[in-house]
Amino acid sequence: MSMRRHLPHLLARAGTVSALTMVTVTGTTVAPGASQDADAAAISAKALRIAASKRGSPYEWGAQGPYRFDCSGLTRYSFKHAGKVLPRTAAAQYNDTSHVSRAARRSGDLVFFHAAGGIYHVGIYAGSGRIWHAPKTGAVVRLERIWSSAVWYGRVG
């Protein structure tokens, strides 16, 4: 084995090593959790593209694709084909995500609409205050502005 492979281990045994030292000596550094965050972001970006590809698909209550969807059926289908299985209902999907603030939201996060009775709708955040979603009977999968301030955001891990 080369000295380069052993150097980080030797430096770590000598005491605390800064990220700058690690980059200087080894040429790379990985922050704790960085690869998991990158994987989750890649899955969310792929799910967003899949949802967008279903533009114009008709809404049907209980449908999970590939040609018809309800709201949680679209999010479930999109994430499943991106590599992550979500529960069936919007409320169960909310419980299965890491909750993030409006300020921390990013494209690919789930947007949950809620009222006193609980969560009633979900879509995938597309950026600029818009979501891809399957809205209601008689409508089709579409990109639309978020119409309510009564929303919560969830990040699929």
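Q: Does Arg 155 count as buried or exposed in this structure?
A: The model is a predicted one. The relative accessibility of Arg 155 is 17%, and the cut-off for buried is under 20%. Because 17% falls under that cut-off, Arg 155 counts as buried.

Q: Which residue meets the side chain of Arg 155 in a salt bridge?
A: Arg 155 lies in strand β6, and its partner lies in the loop between β1 and β2, 46 residues apart from it. That partner is itself buried, with a relative accessible area of 0%. The salt bridge spans 2.9 Å, N to O, and the partner is Asp 109.

Q: What is the N to O distance in the salt bridge of Asp 70 and Arg 88?
A: These two residues are 18 residues apart: Asp 70 is in the loop between α3 and α4, and Arg 88 is in the loop between α4 and α5. Asp 70 is buried at 7%, whereas Arg 88 is partly exposed at 24%. Their side chains meet at 2.8 Å.

Q: Which residue forms a salt bridge with Arg 68?
A: Arg 68 is partly exposed, with 41% relative accessibility. Its partner is also partly exposed, at 38%. The N to O distance is 3.6 Å, and the partner is Glu 60.

Q: How many salt bridges does a search of the whole structure find?
A: The pair of Arg 155 and Asp 109 is one of them. The pair of Asp 70 and Arg 88 is another. The search of the whole structure finds 4.

Q: What is the order of the strands in the open sheet?
A: The protein chain has 5 helices and 6 strands. From the N terminus on, the helices come before the strands. The sheet has 6 strands with antiparallel pairing, in the order β1-β6-β2-β3-β4-β5.

Q: Which strands stand at the edges of the sheet?
A: An edge strand has a single partner strand, so one of its sides is left without a neighbour in the sheet. The twist averages 40 degrees from one strand to the next. The strands at the edges are β1 (98-100) and β5 (142-145).

Q: In β6, what is the bridge partner of Phe 113?
A: Strand β2 covers residues 110-115 and strand β6 covers residues 151-155. The two run antiparallel and are joined by 4 bridges. The partner of Phe 113 in β6 is Val 151.

Q: Which helix packs on the sheet?
A: The helix covers residues 71-82 and touches β2, β3 (118-127) and β4 (130-133). Its direction makes about 45 degrees with that of β3. The helix is α4.

Q: Why is α4 described as largely enclosed by the rest of the structure?
A: The buried residues of α4 include Cys 71, Leu 74, Tyr 77 and Phe 79. The helix has 12 residues and reaches 17 Å from its first C-alpha to its last, close to the 16 Å expected. It is largely enclosed because the number of its 12 residues that are buried is 9.

Q: Which element gives the largest share of the largest nonpolar core?
A: In soluble globular proteins, nonpolar side chains tend to be buried together. The largest nonpolar core here has 23 residues, and those that touch the most other members include Phe 69, Phe 79 and Trp 132. The elements that give two or more residues to this core are α3, α4, α5, β2 and β3. The largest share, 5 residues, comes from α4.

Q: How many residues are in the second, separate core?
A: Val 100 and Phe 113 are among its members. Tyr 125 and Ile 146 are included too. The number of residues in this core is 8.

Q: In which loop is Asp 96 found?
A: Asp 96 is partly exposed, with a relative accessible area of 39%. Leaving aside neighbours within four places in sequence, Asp 96 is in contact with Val 85, Leu 86 and Pro 87. Asp 96 and Leu 86 are 10 residues apart in sequence and 7.4 Å apart in space, C-alpha to C-alpha. Asp 96 is in the loop between α5 and β1.

Q: What share of the residues of the protein chain count as buried?
A: Asp 109 is one buried residue, at 0%. The chain has 157 residues, and the share that count as buried is 37%.

Methods
Residues are numbered from 1 along each chain as its sequence is written. This is a predicted model: local features need pLDDT of at least 70, side-chain atom pairs count only at pLDDT 80 or more; totals for chains, interfaces and linings use all residues. Side-chain values use heavy atoms; hydrogens and water are left out. Two strands pair if DSSP finds at least two bridges between them. Axes are lines fitted to C-alpha atoms, for helices over the stretch in contact, and angles run from 0 to 180 degrees between N-to-C directions. Contact means heavy atoms within 4.5 Å. Buried means under 20% relative accessible area, exposed over 50%, partly exposed in between (1.4 Å probe, protein chains only). A nonpolar core is a set of buried Ala, Val, Leu, Ile, Met, Phe, Trp, Tyr and Cys residues joined through side-chain atoms within 4.5 Å. The expected span of a helix is 1.5 Å times one less than its number of residues.
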